[in-house]
Amino acid sequence: MSVTTSSKKMVQIITNASLENKLISTIEKDGINGYTIFNVRGDGDSGIQDSHIEGDTNILIMTVVSVEESERLLTSLSQLKRKGHHLLVFSVDAAVLL
């Protein structure tokens with residue numbers, strides 16, 4: 001049995017929930033119309049993020065896009081980082097089942 005896939009990029013952004021609307025606007029401005037948002041918690045360079053303090057929650061925004069779309073999005077996200085927004089961004093190859 002053969003499996004048919006399409007090569008894409010999965011971009012994941014971890015940041016404070018207060019940036020959710022700004023990131024959604026950025027994603028949509030870059031022509032991307034699909035994403036998933038998760039509430040997340042964990043420990044890392046910024047310390048424990050466990051949402052015990054109101055407004056101090058983290059989110060993970062994940063989108064699967066073409067290489068061209070990922071390049072546009074990464075450029076926009078790097079501009080936000082240069083403005084001082086705290087974002088942790090990952091881009092990985094993804095094989096999407098057709």
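**Note on the predicted model**

1. A salt bridge joins the side chains of D93 and K9, with 2.6 Å from N to O. D93 lies in strand 4 and K9 in strand 1 (residues 5–16), so this pair ties together parts that are 84 residues apart in sequence. D93 counts as exposed, at 63% relative accessibility. Please keep in mind that the model is a predicted one.

2. The count of salt bridges comes to 2. Besides the D93 and K9 pair, the side chains of K29 and D30 meet in a salt bridge at 3.7 Å, N to O. The two partners differ in burial: K29 is exposed, with a relative accessible area of 59%, whereas D30 is buried, with a relative accessible area of 8%. Because buried means under 20% relative accessible area and exposed means over 50%, K29 at 59% falls in the exposed class and D30 at 8% in the buried class.

3. Next, the helices. Two packed helices are described by the angle between their axes and the distance between the axes. Here, the axes of helix 1 (residues 20–29) and helix 2 (residues 67–82) come within 9 Å, and they cross at roughly 145 degrees. The crossing of helix 1 past helix 2 is right-handed. On the helix 1 side, the contact is made by K22, L23, T26, I27 and K29; on the helix 2 side, by L73, S76, L77 and L80. K29 therefore appears both in this helix contact and, as an exposed residue, in the salt bridge with D30.

4. Helix 2 also holds E68. E68 is exposed, with a relative accessible area of 53%. The C-alpha atoms of E68 and K8 are separated by 9.6 Å, although the two residues are 60 residues apart along the chain.

5. Which residues form a nonpolar patch on the surface? They are L88, F90 and V92, and together they have about 250 Å² of accessible area. F90 has its place in strand 4, which covers residues 87–97. With a relative accessible area of 39%, F90 is partly exposed. The class follows because partly exposed lies between the cut-offs of 20% and 50%. Strand 4 thus holds F90 of the patch as well as D93 of the salt bridge to K9.

Terms used. Residues are numbered from 1 along each chain as its sequence is written. This is a predicted model: local features need pLDDT of at least 70, side-chain atom pairs count only at pLDDT 80 or more; totals for chains, interfaces and linings use all residues. Side-chain values use heavy atoms; hydrogens and water are left out. Patches are made of residues with over 30% relative accessible area and no salt bridge: like charges are joined within 9 Å, nonpolar side chains (Val, Leu, Ile, Met, Phe, Trp, Tyr) within 5 Å. Accessible areas come from the Shrake-Rupley method with a 1.4 Å probe; for residues, only the protein chains shown count as cover. A salt bridge is a side-chain nitrogen of Lys or Arg within 4 Å of a carboxyl oxygen of Asp or Glu. Helices (H or I, at least four residues) and strands (E, at least two) are DSSP runs, numbered from the N terminus. Buried means under 20% relative accessible area, exposed over 50%, partly exposed in between (1.4 Å probe, protein chains only). Axes are lines fitted to C-alpha atoms, for helices over the stretch in contact, and angles run from 0 to 180 degrees between N-to-C directions. A crossing is left-handed if the near helix is turned anticlockwise from the far one by less than a right angle, and right-handed if clockwise. Contact means heavy atoms within 4.5 Å.
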